[in-house]
Amino acid sequence: MTTVISCTCRPPFVHGPGFLAADFLYRSAVCADRTQGGKKLRRREADGLPMLLLIRLVTKLRGDAPVALDFDDELVADDSDTDLRATLTWLHDTRFIALNGMAGRIARLWLSPAVGCMGGTDPRIAAARHSFPYMTIAEDGMAAPQPVTVHEYSPQLWQSVYEQNQESFDSTRFLDYQCPEHGINQ
Ligand SMILES: [Zn+2]
């Protein structure tokens with residue numbers, strides 16, 4: 001009798017500065033918008049939506065491929081279509097994602113490797129596809145005069161991003177402690 005063992009280890013997710021950058025940029029933008037003309041700043045539920053959407057999109061990544069977001073997805077189903085569309089458009093305009101198209105309530109898009117990618121993905125190729133920029137975050141965060149710096153796309157820029165994080169980008173296996181082949185009980 002043979003036993004089929006299936007490895008459940010997966011490539012790791014390689015984090016980029018894009019999550020924080022999106023959050024900072026969006027909050028600065030809505031803040032500037034709402035205080036214009038001396039209006040009082042009000043927080044809205046949707047202020048956290050860019051970050052939430054990015055986190056959701058990351059879980060849907062499977063290698064260097066486009067991602068589909070269903071508006072009925074349990075994590076975003078409570079947000080209005082208007083908010084979701086507006087946020088996706090904003091993420092596209094600020095180049096955290098590249099929106100491929102919207103079919104009904106499903107958006108198809110590419111995630112910038114500045115936000116993150118799966119291990120084994122070459123960020124230089126993924127970035128070149130849509131000329132994604134790279135972002136850096138000021139040390140003081142939102143307190144800094146310019147919390148986020150956007151560096152325009154260039155092959156040299158992404159080459160240096162790749163070299164500085166090569167080990168993470170190249171790793172194709174993240175050990176799952178419950179893996180029947182490599183987990184703690186083996
Ligand atoms: Zn395994």
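Hi everyone, let's start with the parts list: the protein chain has 6 helices and 7 strands. Before I go on, please keep in mind that this is a predicted model. If you walk along the sequence, the elements come in the pattern β-α-α-β-α-β-β-β-α-β-β-α-α.

A word on the overall outline. Taken along the principal axes, the C-alpha atoms of the protein chain fill a box of roughly 75 × 40 × 30 Å. How much of the protein chain is buried? Of its 186 residues, 24% are buried. As for contacts, take those between residues at least 6 apart in sequence: 64% of them join residues at least 24 apart.

Now to the sheet. In what order do the strands of the open sheet run? There are 3 strands, ordered S2-S4-S3, and the pairing is antiparallel. Strand S2, residues 67-70, and strand S3, residues 97-103, are at the edges; each has a single partner strand, so one side of each has no neighbour in the sheet. From one strand to the next, the twist averages 25°.

Let me zoom in on one pair in that sheet. S3 pairs with strand S4, residues 106-111, in the antiparallel sense, and the pairing runs over 6 bridges. If you would like to find it on screen, look for leucine 99, which stands opposite leucine 109 in S4. Another pair to look for is methionine 102, opposite alanine 107 in S4. S3 and S4 form a hairpin with 2 residues between the strands, and there glycine 104 takes a positive phi near 65°. As a general reminder for anyone looking at side chains, in a regular strand they alternate between the two faces of the sheet.

What lies across these strands? Helix H3, residues 81-93, lies across S3 and S4, and its direction is at about 145° to S3. The loops on either side of H3 are worth a stop too. In the loop between S2 and H3 you will find alanine 77. Alanine 77 has 10 other C-beta atoms within 10 Å; exposed means 12 or fewer, so alanine 77 counts as exposed. Between alanine 77 and glutamine 146 there are 33 Å in space, C-alpha to C-alpha, and the two are 69 residues apart in sequence.

On the other side, the loop between H3 and S3 holds arginine 95. Arginine 95 is not a glycine, yet its phi is positive, at about 65°. Is arginine 95 buried, exposed or partly exposed? It has 18 C-beta neighbours inside 10 Å, so arginine 95 counts as partly exposed.

Next, a helix pair. Helix H4, residues 123-130, and helix H5, residues 155-164, have axes that come within 9 Å and cross at roughly 150°. That is why H4 is described as roughly antiparallel to H5. The crossing of H4 and H5 is right-handed. Which residues meet there? From H4 we have Pro123, Arg124, Ala127 and Ala128, and from H5 we have Pro155, Trp158, Gln159, Val161 and Tyr162. Sorted by class, this contact of H4 with H5 has 7 nonpolar, 1 polar and 1 charged residues.

Following H4 along the chain, we reach serine 131, in the loop between H4 and strand S6, residues 134-137. Serine 131 has a phi near 50°, a positive value in a residue other than glycine. Serine 131 is exposed, because 12 other C-beta atoms lie within 10 Å.

My last stop is tyrosine 177, in the segment after helix H6, residues 166-170. Tyrosine 177 is exposed, with 10 other C-beta atoms within 10 Å. What does tyrosine 177 touch, leaving out residues up to four places away in sequence? The answer is Gly183 and Ile184. Tyrosine 177 and threonine 8 are 169 residues apart along the chain, and their C-alpha atoms are separated by 9.1 Å.

To recap, I showed you an open sheet ordered S2-S4-S3, helix H3 lying across S3 and S4, and the right-handed crossing of H4 and H5. Thanks for listening!

Key:
Residues are numbered from 1 along each chain as its sequence is written. This is a predicted model: local features need pLDDT of at least 70, side-chain atom pairs count only at pLDDT 80 or more; totals for chains, interfaces and linings use all residues. Two strands pair if DSSP finds at least two bridges between them. Helices (H or I, at least four residues) and strands (E, at least two) are DSSP runs, numbered from the N terminus. Axes are lines fitted to C-alpha atoms, for helices over the stretch in contact, and angles run from 0 to 180 degrees between N-to-C directions. Two residues are in contact if their C-beta atoms, placed from the backbone, lie within 7 Å. A residue is buried if 20 or more other C-beta atoms lie within 10 Å of its own, exposed if 12 or fewer, and partly exposed in between; C-beta atoms are placed from the backbone. Angles under 35 degrees count as roughly parallel, over 145 as roughly antiparallel, 65 to 115 as roughly perpendicular and the rest as oblique. A crossing is left-handed if the near helix is turned anticlockwise from the far one by less than a right angle, and right-handed if clockwise. Ala, Val, Leu, Ile, Met, Phe, Trp, Tyr, Cys and Pro count as nonpolar, Asp, Glu, Lys and Arg as charged, and the others, Gly among them, as polar.
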